[in-house]
Amino acid sequence: MIGLISGTSDGREILSMLNKYTDNILISTATEYGGELLKKYNYKILNTKPLLPRDMEKLFKQNNIKILIDSSHPYAIEVSKNAMNICKKLGIEYVRYERESVVNRFLNEEKIIEVDTYEELYKYLVNIDGTVINTTGSRNLGKILNLNLNNRIVHRVLPSMKVIEECYLLGIQLDDLIAIKGPISYELNKAFIKEFNANAILIKDSGVEGGTEEKIKAALDENIFVFVVGREKLYYNKVFYNKEKLIDYVKNRILKEF
């Protein structure tokens with residue numbers, strides 16, 4: 001059986017392409033919402049809960065996974081680390097689909113600054129006068145709030161009840177929330193920057209598919225700072241940046257066995 005970790009729209013596209021050849025696939029997402037998005041596709045097994053390493057190992061072993069395609073989000077580092085370790089232990093071939101960086105094309109711009117950690121943001125943001133838009137995701141809200149900045153921080157998050165409740169419990173005011181499903185357009189990014197009179201935006205390098213380019217271009221055209229929380233670098237023995245090449249590889253190596 002083929003295993004597929006799906007953490008973004010890439011996973012759905014890869015599943016759709018695999019379905020031309022087989023439905024002998026185990027899908028793992030971290031949320032029920034992620035599972036809802038897969039209803040129209042074909043597969044044998046669907047997991048919609050975050051997995052501890054021991055649970056991931058049990059799932060892969062029970063279902064005799066031969067090859068695992070990891071298309072988790074570029075920032076879901078622990079998921080990829082766990083998957084690689086488990087595949088090595090069980091003798092499963094691990095294949096990574098990785099979104100290419102967008103930020104690398106813009107690092108020569110004076111107002112684009114890349115940092116390695118959220119803590120490192122403090123020394124830059126403390127000197128920003130005015131509003132900061134945070135688009136790094138609801139899982140990182142605590143890291144931003146723990147910086148204890150005096151700036152107004154407007155957080156862009158998914159419009160789900162769970163996320164909004166998390167924001168409420170963290171003490172974030174509704175006036176400081178943008179609840180919208182991304183990616184969003186260049187024009188809408190510009191509109192948010194203007195509406196909140198922002199002087200900086202916090203982003204992750206989530207690739208073209210994640211709307212990173214639209215955020216950067218909007219910020220540059222509005223002449224505000226862009227602070228990028230960089231990706232942790234992992235070494236992948238087999239990595240693809242092109243979905244068609246990934247599917248060709250899997251098809252030639254594995255699908256003929258099913």
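1. Contact here means that heavy atoms lie within 4.5 Å of each other, and this cut-off underlies what is said below about the elements that cover a helix. The model is a predicted one, and the points that follow should be read with that in mind.

2. One open sheet consists of six strands in the order S3-S2-S1-S4-S5-S12, and its pairing is parallel. Its edge strands are S3, residues 45-47, and S12, residues 239-240, each of which pairs on one side only. Within this sheet S1 and S2 pair in the parallel sense over four bridges, and the bridge partner of Leu4 in S2 is Ile27. Strand S4, residues 67-71, is likewise joined to strand S5, residues 93-97, by four bridges, with the two strands running parallel; here Ile67 stands opposite Glu93 in S5.

3. The second strand of the chain deserves a closer look, as a case of a general pattern. In a regular strand the side chains alternate between the two faces of the sheet. In S2, Ile25 and Ile27 point one way, whereas Leu26 and Ser28 point the other way, and all are buried.

4. Ser28 is found in strand S2, which spans residues 25-28. Is Ser28 buried or exposed? Ser28 counts as buried because its relative accessible area is 9%, and the cut-off for buried is under 20%. Setting aside residues up to four places away in sequence, Ser28 touches Leu4, Ile5, Ser6, Asn47 and Leu51. With one of these residues, Asn47, the side chain of Ser28 makes a polar contact of 3.0 Å.

5. Asp70 has its place in strand S4, and because its relative accessible area is 0%, Asp70 is buried. Which residues does Asp70 contact, once its neighbours within four places in sequence are left aside? They are Ile5, Ser80, Tyr94, Val95, Arg96 and Tyr97. The side chains of Asp70 and Ser72 are joined by a polar contact of 2.7 Å. Asp70 and Ser6 are 64 residues apart in sequence, while their C-alpha atoms are 7.1 Å apart in space.

6. Helix H1, residues 9-18, lies across strand S1 (2-6), S2, S4 and S5, and runs at about 155 degrees to S1. The buried residues of H1 are Asp10, Gly11, Ile14, Leu15, Met17 and Leu18. Seen down the axis of H1, these buried residues fall within an arc of 160 degrees, so they line one face of the helix. Among the elements that cover them are S1, S2, S4, S5 and H10.

7. Helix H10, residues 243-253, lies across S1, S4, S5 and S12, and runs at about 165 degrees to S5. Its buried residues are Lys243, Leu246, Ile247, Tyr249 and Val250. Why can these residues be placed on the same side of H10? They belong on the same side because they cover an arc of only 160 degrees around the axis. What covers the buried residues of H10 includes S1, H1, S4, S5 and S12. At the start of H10, a side-chain oxygen of Asn242 reaches to within 2.9 Å of the backbone nitrogen of Glu244.

8. A further open sheet of six strands has the order S6-S11-S10-S7-S8-S9, again with parallel pairing. Its edge strands, each pairing on one side only, are S6, residues 112-115, and S9, residues 177-179. From one strand to the next the twist averages 20 degrees. The pairing of S6 with strand S11, residues 225-229, is parallel and extends over four bridges, and in S11 the bridge partner of Glu114 is Val228.

9. A last point concerns the cysteines. A disulfide is a covalent bond between the sulfur atoms of two cysteines. How many disulfides does a search of the whole structure find? That search finds zero. Cys87 is classed as buried because its relative accessible area is 1%, and Cys167 is classed as buried because its relative accessible area is 0%.

Definitions and conventions:
Residues are numbered from 1 along each chain as its sequence is written. This is a predicted model: local features need pLDDT of at least 70, side-chain atom pairs count only at pLDDT 80 or more; totals for chains, interfaces and linings use all residues. Side-chain values use heavy atoms; hydrogens and water are left out. Buried means under 20% relative accessible area, exposed over 50%, partly exposed in between (1.4 Å probe, protein chains only). A polar contact is a pair of N or O atoms within 3.5 Å; within protein, one must be able to donate a hydrogen and the other to accept it, and residues adjacent in sequence count only if both atoms are side-chain atoms. Two strands pair if DSSP finds at least two bridges between them. Axes are lines fitted to C-alpha atoms, for helices over the stretch in contact, and angles run from 0 to 180 degrees between N-to-C directions. The arc is that of the directions from the helix axis to the C-beta atoms. A disulfide is a pair of cysteine sulfur atoms within 2.5 Å.
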